[in-house]
Amino acid sequence: MQRTRRELLKGAAVSGLAASAAGLSACDNLPGAQPAPSPAPLDPAITPQTLAEAEKLQGLQYTPSERQMMLEGLEQNLDSLARLRAIKMPNELAPATVFDPRVPGRRYRSQKNRLTLLPEVMPALPDNEADIAFASVKTQGQWLRAGQLTARRLTEIYLARIEALAPSLECFITVTPDLALAQADRADADFAAGKDRGPVHGIPYALKDLADVEGGPTTWGATPYKDRIADKDAGIVTRLKRGRAVLLCKTTCGALAYGDVWFDGKTRNPWNTDEGSSGSSAGSASATAAGLCGFSIGTETLGSIVSPSERCGTTGLRPTFGRVSRSGFMALCWSLDKVGPICRTVEDTAIVLSQINGFDRRDPSAQRFGFTSDSTADLAGMKVGYVPEWFENGDDVDRSALAALRDLGIEPQPFSMPTIAFDSLIQIVLVEAAAAFAELTLDNTDDALVWQDPEAWPNSFRQARFMSAVDYVQIDRLRRQLMIDMASAFEGFDAVIGPHYAGGMLLATNCTGHPQLALRAGFTQSPTRQRFGNDNGGAAGITHRVPRGVSLWGNLFGESALIALGAQLERVLNVAEERPVI
């Protein structure tokens with residue numbers, strides 16, 4: 001049964017089915033289709049009757065005399081709006097009001113930049129190149145430092161896999177083999193000179209095509225921007241380059257960070273290529289799951305790391321808001337956008353985050369906060385919360401994750417979600433996104449976007465124009481109250497465990513800035529999924545074995561606890577190493 005965007009967005013608040021992370025449908029606006037006729041010109045005059053009709057859009061009712069009194073001021077407002085809209089504002093121009101997830105009156109302990117991983121005996125270098133490709137960043141780093149593997153050979157393995165497998169997955173927009181091999185050679189030269197640049201030295205990675213790389217295309221997955229060329233590197237690209245990571249390619253993303261449909265295709269789930277990989281970090285999750293890179297970089301506004309990680313079985317870490325710079329990334333929602341790693345193991349997310357964490361003066365929301373991660377931390381004193389109903393209403397995979405927690409000697413404690421109704425916070429995404437791409441609506445160039453259904457961005461941007469500014473401020477105040485309530489709810493807890501989308505946690509924690517770690521917990525049989533996972537896109541009765549995951553949420557800047565717990569859960573669950581057959 002089809003669901004409207006209104007129903008789906010409401011579901012994001014109630015059950016966590018995040019609109020920004022969803023898979024998209026095929027395009028109805030096919031090439032060669034005749035454009036719709038232009039509407040007849042409207043009478044520009046504002047009359048009391050105009051206001052009476054407009055009141056219906058805001059749930060208001062004024063008297064005739066009140067409407068008459070308003071006319072002159074509203075006409076002046078139109079003149080002001082015309083002048084405002086004539087000002088060209090680039091996407092990177094952030095609002096003056098900057099979101100800070102920290103709640104006043106609470107202390108946030110500083111951290112030193114320190115990474116401690118679980119001790120592990122280095123395995124022998126496999127003969128099978130696929131085994132090398134699917135190895136963790138941690139293990140690949142051991143081989144590189146031991147001289148058993150070179151960055152060039154590892155890069156060539158990935159480039160060969162990309163050539164063979166990427167076309168069927170539709171997961172890359174731009175592949176950069178010459179750049180990758182040059183960076184690999186530089187990484188090898190540094191190793192030969194005894195210079196170790198850090199834990200991603202020599203590791204090939206994939207970058208979501210929302211991030212700029214100087215001199216190359218950054219398309220944002222959208223037709224209006226497919227010829228866009230970046231003039232400087234994104235902040236984390238500079239950091240990864242300094243750490244001698246090897247950039248393989250730019251991965252697909254749903255157009256303007258929504259879903260898995262981009263201007264030239266639909267990104268596929270390697271566990272079932274008949275379905276999309278969800279979005280919007282669609283290509284990053286698909287490529288990582290298929291062993292086409294060592295790790296990848298994704299972004300999340302409302303589910304865009306978590307959702308494709310669930311679909312593709314990857315491990316996604318959405319960091320605390322402000323921990324990782326977004327400079328050089330497309331802005332969708334300035335107060336919600338976050339950048340994070342997508343990997344095949346939990347510890348790999350710690351490795352990558354240790355390299356991309358840090359202040360950047362180009363990002364107004366960037367925090368000066370170190371990153372300490374210790375996978376060897378004793379779990380004995382850890383307090384983990386859960387909501388029993390989430391697991392009662394979940395499936396066997398969800399319950400197996402809870403059982404694994406108890407196998408680690410941790411008895412989960414009841415966690416109480418805030419009782420305040422916060423579903424209206426979904427408007428933050430819609431309004432800020434409409435502002436970020438105002439020119440598409442005002443110039444009517446939104447017709448160039450591939451997806452044109454009621455749930456798609458063009459229609460959402462138009463609808464957002466009718467959100468009252470007064471009510472939007474009220475929504476922002478509600479967000480502040482939720483921040484206060486969530487801080488109180490998390491007090492005394494190191495982590496909370498649950499299904500990814502349970503209880504509105506996806507919307508709540510994205511709005512409050514709390515980190516979320518999504519990791520594989522098992523497998524299930526599922527029919528081919530379309531759009532938001534609610535359609536059966538395949539033959540009746542045909543199912544596919546696909547991964548399922550579970551999430552851990554933590555305190556602001558509390559990623560270390562999530563990683564320590566997640567790494568141990570991953571070991572007990574013992575499902576992370578299975579690969580898709582593609």
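This passage describes the confidence, the nonpolar cores, selected helices and strands, and the cysteines of a predicted model.

Residues are numbered from 1 along each chain as its sequence is written, and side-chain values use heavy atoms, with hydrogens and water left out. Because the model is predicted, local features need a pLDDT of at least 70 and side-chain atom pairs count only at pLDDT 80 or more, whereas totals for chains, interfaces and linings use all residues.

The mean pLDDT (the predictor's confidence in each residue, from 0 to 100) of the protein is 92, and 91% of its residues reach 70 or more. Over residues 1-36, however, the pLDDT is below 50, although this stretch has 99 contacts in the model beyond near neighbours in sequence, a contact being heavy atoms within 4.5 Å. Where pLDDT is low, the predicted coordinates should not be read in detail.

The largest nonpolar core, a core being a set of buried Ala, Val, Leu, Ile, Met, Phe, Trp, Tyr and Cys residues joined through side-chain atoms within 4.5 Å, has 146 residues. Here buried means under 20% relative accessible area, exposed over 50%, and partly exposed in between, with a 1.4 Å probe and protein chains only. The residues with the most contacts inside this core are L256, L292, F295, I297, F437, I497 and L565, and helix α6 (residues 151-169) gives the most to the core, with nine residues. Helices (H or I, at least four residues) and strands (E, at least two) are DSSP runs, numbered from the N terminus. When residues up to four places away in sequence are not counted, L256 touches W220, A222, Y225, M330, L332, F437, L440, L449, W457 and F461. A second, separate core of five residues includes F99, V103, F321 and A487.

In helix α2 (residues 48-58), the buried residues are L51, A52 and E55; these lie on the same side of α2 because they cover an arc of only 105 degrees around the axis, the arc being that of the directions from the helix axis to the C-beta atoms. The buried residues of α2 pack against α3 (64-85), while K56 and L57, on the other side of α2, are exposed. The residue that follows α2 is G59, which has a positive phi, near 65 degrees.

A lysine is also found among the buried residues, since K138 has 11% relative accessibility and therefore counts as buried. K138 belongs to helix α5 (residues 137-146), and, leaving aside its neighbours within four places in sequence, K138 is in contact with L117, L118, E120, E347, D348 and I351.

Strand β19 (residues 544-554) is mostly covered, with nine of its eleven residues buried. Two strands pair if DSSP finds at least two bridges between them. Strand β15 (residues 495-498) runs antiparallel to β19 and is joined to it by four bridges, with V496 standing opposite W553 of β19. Strand β16 (residues 516-526) likewise pairs with β19 in the antiparallel sense, over ten bridges, and L517 has L552 of β19 as its bridge partner.

The structure holds zero disulfides, a disulfide being a pair of cysteine sulfur atoms within 2.5 Å. The sulfur of C293 lies 6.4 Å from the closest cysteine sulfur, in C249, and is therefore too far away for a bond. C249 counts as buried because its relative accessibility is 0%, and C293, at 0% relative accessibility, counts as buried too.
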